[in-house]
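Hi,

Here is the structure I said I would pass on. Have a look at it first, and then read on for what I found in it.

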Amino acid sequence: MHKALVIAPNWIGDALMAQPLFVLLKRLHPRLQIDAIAPGWVAPILERMPEVDRVVATDLAHGKLQPLARWQLAGALADEQYDAAYVLPNSFKSALIPWLARIPLRIGYTGEQRYGLLNVRHANPPKTERPPMVRHYAALAFAPGASLPADLPTPRIESDLNESARVYQRFGLDLRVPLVVFCPGAEYGPAKRWPSGHFAALAQLVRRSFPYTQIIALGSAKDGALAQEIAAAAPFVQNLCGQTSLSEACAILGRANAVVSNDSGLMHVTAALRRPQIALFGSSDPRHTPPLSSAAHVLWLHLDCSPCFARECPLGHLRCLNELTPEHAFANLRNLLLTQR
């Protein structure tokens, strides 16, 4: 095999957890060229992966079929002579482009009954036995049902110091002063978001013990209201939500002294950059989508009702996050900051 096309996941965290698959493919086929099709908001992450040779960013809307746009994109790809396509999302529509482009091998999970669209199909894992996402994607490098290596590669991306210096200067940050980053958002829903009041209380604890530390909130424009609530209660927190591109966010996170994040795309970015972090879990399961880094500290209460994987707390109390106190988070964060003095 000389040339492969990857239909990348639609989420930043999933794209990072797919990187070990790319590493395995390169090991199995040392001269393999890997191209990827990805949504515009995911493409910057794939562009930082050395295993990916080319990224085609698309503006295909999430959740919409858009047959004409997919047919046109497939037509543009048909002359590339790909030997294989790896379809990582489970949706029917994600398998259309490789099929329309007449790529000989079309590999993925059966997903939404994709018989015919895929000709190398892996069985969907039972919901009660879902493996970690890294293993889920890595299995596609091998024949269906084959055993995986015990030790898989972990996601890794890099942040260039010169890039970080430019981005820090743009937002008035100082590379010489310790930086704590809060990532208060989680696209999936409120059941994955630590309360803004807890973030604000944590900021106050940091300021009292480490008075010269810079604290910022980072995320998308959708996270801006949460960050504003934090900044209203802790005015020294700089709200950068919605002001950075994903590449700029990577440059900031790559030099952060510590990151406090919900289970989100930026949590996985921080892990891939190997920066110290506190990862806060509520309705989701760190055994399934953990931050894959020895520098990450997972905080999860593991209540009887958790993980429920719900977007909003079905019981209405959100104990899994409300009872994860700022003091608990600070005890862990304090240790991270002290080790870097």
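Let me start with how the chain holds together. Residues 24 or more positions apart account for 60% of the contacts in the chain, counting those with a separation of 6 or more. Please keep in mind that this is a predicted model.

**The overall picture**

You will find 13 helices and 12 strands in the chain. The radius of gyration is 21 Å, close to the 20 Å that the globule rule gives for 341 residues, so the chain is as compact as a globular protein of that length. If you lay the C-alpha trace along its principal axes, it spans about 60 × 45 × 40 Å.

As for inside and outside, 55% of the 341 residues count as buried. The chain exposes about 15300 Å², and 52% of that comes from carbon and sulfur atoms. I also checked the charges: there are 33 positive and 26 negative ones, and their mean positions are 1 Å apart.

**Two covered helices**

Now to the helices H10 and H11. How many of the eight residues of helix H10 (residues 246-253) are buried? Seven of them are, so H10 is largely enclosed by the rest of the structure. The buried ones are Leu246, Glu248, Ala249, Cys250, Ala251, Ile252 and Leu253. Notice that a glutamate, Glu248, is on that list.

Helix H11 (residues 265-272) is mostly covered too, with eight of its eight residues buried. In order, these are Gly265, Leu266, Met267, His268, Val269, Thr270, Ala271 and Ala272. And what covers the buried residues of H11? The cover includes helices H1 (12-17), H3 (43-47) and H10, along with strands S7 (179-183), S10 (258-262) and S11 (277-280). So H10, itself largely enclosed, is part of the cover over H11. After H11 comes Arg274, which has a positive phi, near 65 degrees.

**The cysteines**

I searched the whole structure for disulfides and found zero. Take Cys183: it is in no disulfide, and the nearest cysteine sulfur, that of Cys241, is 8.0 Å away. Cys183 counts as buried, at 2% relative accessibility.

Why is Cys250 not bonded to another cysteine? The closest cysteine sulfur, in Cys183, is 11 Å from the sulfur of Cys250, too far for a bond. A disulfide would need the two sulfur atoms within 2.5 Å. Cys250 is one of the buried residues of H10, and its relative accessibility is 1%.

**Loops worth a look**

A few places in the loops caught my eye. Between strand S12 (296-299) and helix H12 (319-322), the loop holds Pro307. The peptide bond joining Ser306 and Pro307 is cis, with omega at about 5 degrees.

Two more residues have a positive phi without being glycine. Gln81 has a phi near 60 degrees, and you can find it in the loop between helix H4 (67-77) and strand S4 (84-87). Is Gln81 buried or exposed? At 67% relative accessibility, Gln81 counts as exposed. Arg102 has a phi of about 60 degrees and sits in the loop between helix H5 (96-100) and strand S5 (105-109). Arg102 is exposed as well, with a relative accessible area of 63%.

**Two pairs to find on screen**

Finally, here are two pairs of residues that you can use to see how the chain comes back on itself. Arg31 is in the loop between helix H2 (19-28) and strand S2 (33-39). Arg31 and His2 are 29 residues apart along the chain, yet their C-alpha atoms are separated by 6.3 Å. With a relative accessible area of 78%, Arg31 is exposed.

The other pair is His328 and Leu299. His328 belongs to helix H13 (residues 326-338) and is partly exposed, at a relative accessible area of 34%. Leu299 lies 29 residues from His328 along the chain, and the distance between their C-alpha atoms is 8.7 Å.

That is what I have for now. Over to you!

Terms used: Residues numbered from 1 in each chain as written. Predicted model: local features only at pLDDT ≥ 70, side-chain atom pairs only at ≥ 80, totals over all residues. Heavy atoms only, no water. Helix = DSSP H or I, 4+ residues; strand = E, 2+ residues; numbered from the N terminus. Rg over C-alpha atoms; globule rule 2.2 N^0.38 Å. Buried < 20%, exposed > 50% of the residue type's maximum accessible area, 1.4 Å probe, protein only. Contact = heavy atoms within 4.5 Å. Areas by Shrake-Rupley, 256 points an atom, 1.4 Å probe, with all protein chains shown as cover. Lys, Arg positive; Asp, Glu negative; His and termini not counted. Charge placed at Lys NZ, Arg CZ, Asp CG, Glu CD.
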